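Hi,

Here is the structure I promised to pass on. Have a look at it first, and my notes on what turned up follow below.

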Amino acid sequence: MEVDSTRYSRQILFEPIGEDGQKRLLQSRVAIVGMGALGTVLANHMVRAGVGFVRVIDRDFVEASNLQRQMLYDESHAAEGMPKAIAAYESLRRVNSGITIEPVVADLTWQNAEELLSDVDLVLDGTDNFQVRFLVNDVCVKHSIPWVYGGGVSAHGMTMPILPGETPCLRCLFDSAPAPGTTQTCDTAGVIGPIIHVVASYQAVEAMKILVGAQDKVRRTMLNLGLWDYGTNSIDISRARRADCPCCGRGEYAFLESRAGDETVSLCGRNTIQISPSEPWDVDLPALAKRLEQSGRVEANKFLVRFYATEEIRLVTFGDGRVLVQGTDDLSVARSLYAKYIGM
Amino acid sequence: MKLIINGQEREIDHAQTLADVVAHFNLNERIVVIEHNLNIIPRELYTETVVVAGDKIEIVHFVGGGC
């Protein structure tokens, strides 16, 4: 393989990578799930570093409110409402024409996750919700593919690499996703750009270590970062693998087999989609209403909270955790708004 | 009682177990991992894990966003 020694010269000079490491990067295949703030930073790093094949997966469209932090998009992408995967592809292609970039406009679900993730050497997490991370974890453990979890909201974030069979998987540490509507999302609590860049850069460096074969250098801690109010701390997870972990211990891939996670049901054929959690939740409706008021118009009574996500689309949440997304018949739009405002 | 939480000394009254610490900070149990004196404690053991003054507790949150 011919290595462009000018383009990658500074990275080759970095001794732990060198010419051999650069060759390995050029021969590597990476999938990035989610092309929001984390995903765009991750893709930027992978493409500039010369990872030979980068697949970028996203279900969403570029909006003006993304531009504050999602580094691959510009005003023309937002004005056109271009799919993020395509907009990212266009920006990335201009950065590095010597590698392959594959945009995929899709919602990662249990039906397509193995097809999209099992033919790569590494998966990077740029997603915006808990459910999909458990799905990524299932696929990666099942196919022994390393992945790097990262999350960021407000001014805090967290990251940890997962080497299946070697380090704890996500389910060794968290057995299930939190109840819908109980956690912060960027659309309810806000987010500042720097936390995302910091988290994604930590993820990217672990990716580089894994891809060049420096497994002994891979972080064995779960890193917690607070950029505004508190500092940085970490937990040593080198002994936290659980023999009874349902996923990496017992080989049960509940999220991939759709036994866990949200079930999505389309109602009435047109313009209303119901998303019901797999187990009922006792939703604190007044607290949900209060949180959503930060983001738009809310009408609430003791049975439900109606939130106007856009002029056309309303999210109606009931006390048992069911959400009706009214005003769309597009499943991925419904799931995207649910993840943004209710959290999943 | 003084505990060292995420590297900072914090005064917490009436805390006898990790479950009391979780309640004190109003933590969502499903999305935190707690390390007590360098051991990760499974959440089913919070109620029986006794804390004493000077204990080192690290709390990290599972963060959902990324958007």
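One definition before the rest: a polar contact is a pair of N or O atoms within 3.5 Å, where, within protein, one atom must be able to donate a hydrogen and the other to accept it, and residues adjacent in sequence count only if both atoms are side-chain atoms. By that rule, chain B and chain A share 11 residue pairs in polar contact, both residues being at pLDDT 80 or more. As that cut-off suggests, please keep in mind that this is a predicted model.

Let me stay with the two chains for a moment. On the chain B side 24 residues are in contact, and they meet 44 residues of chain A. Putting the chains together buries about 2400 Å², with carbon and sulfur atoms giving 58% of that area. If you want to know where to look on chain B, go to R30(B), F62(B) and C67(B): these three supply 32% of the area that chain B buries against chain A, more than any other three residues. There are also two salt bridges across this interface. For an example of a salt bridge, find D175(A) and R43(B), whose closest N and O atoms are 3.1 Å apart.

Now to chain A by itself. The domain assignment splits chain A into domain 1, residues 8-250, and domain 2, residues 264-342. The centres of these domains, taken over C-alpha atoms, are 27 Å apart. Where they meet, domain 1 of chain A brings 14 residues and domain 2 of chain A brings 15. The area buried between the two domains is about 1400 Å², and carbon and sulfur atoms give 49% of it. In domain 1, P180(A), D187(A) and T188(A) lose the most area to domain 2, together 38% of what that side buries.

What holds charge and polarity at this domain boundary? The rule finds three salt bridges across the interface of domain 1 and domain 2 of chain A, and five residue pairs are in polar contact there, both at pLDDT 80 or more. By class, the side of domain 1 that touches domain 2 has two nonpolar, six polar and six charged residues. Separately, K340(A) forms a salt bridge with E63(A), with 3.1 Å between the closest N and O atoms.

Last, the cysteines. How many disulfides are there over all chains? A search of the whole structure finds zero. Why is C169(A) not bonded to C245(A)? The closest cysteine sulfur to that of C169(A) is in C245(A), 3.6 Å away, and this is too far for a bond because a disulfide needs the sulfur atoms within 2.5 Å. Both residues are buried: C169(A) has 1% relative accessibility, and C245(A) has a relative accessible area of 0%.

Best wishes

Notes. Residues numbered from 1 in each chain as written. Chains lettered and ligands numbered in written order. Predicted model: local features only at pLDDT ≥ 70, side-chain atom pairs only at ≥ 80, totals over all residues. Heavy atoms only, no water. Domains from an automatic or database assignment. Contact = heavy atoms within 4.5 Å. Buried area = accessible area lost by both parts, 1.4 Å probe. Salt bridge = Lys/Arg side-chain N within 4 Å of Asp/Glu carboxyl O. Nonpolar A, V, L, I, M, F, W, Y, C, P; charged D, E, K, R; others polar. Buried < 20%, exposed > 50% of the residue type's maximum accessible area, 1.4 Å probe, protein only.
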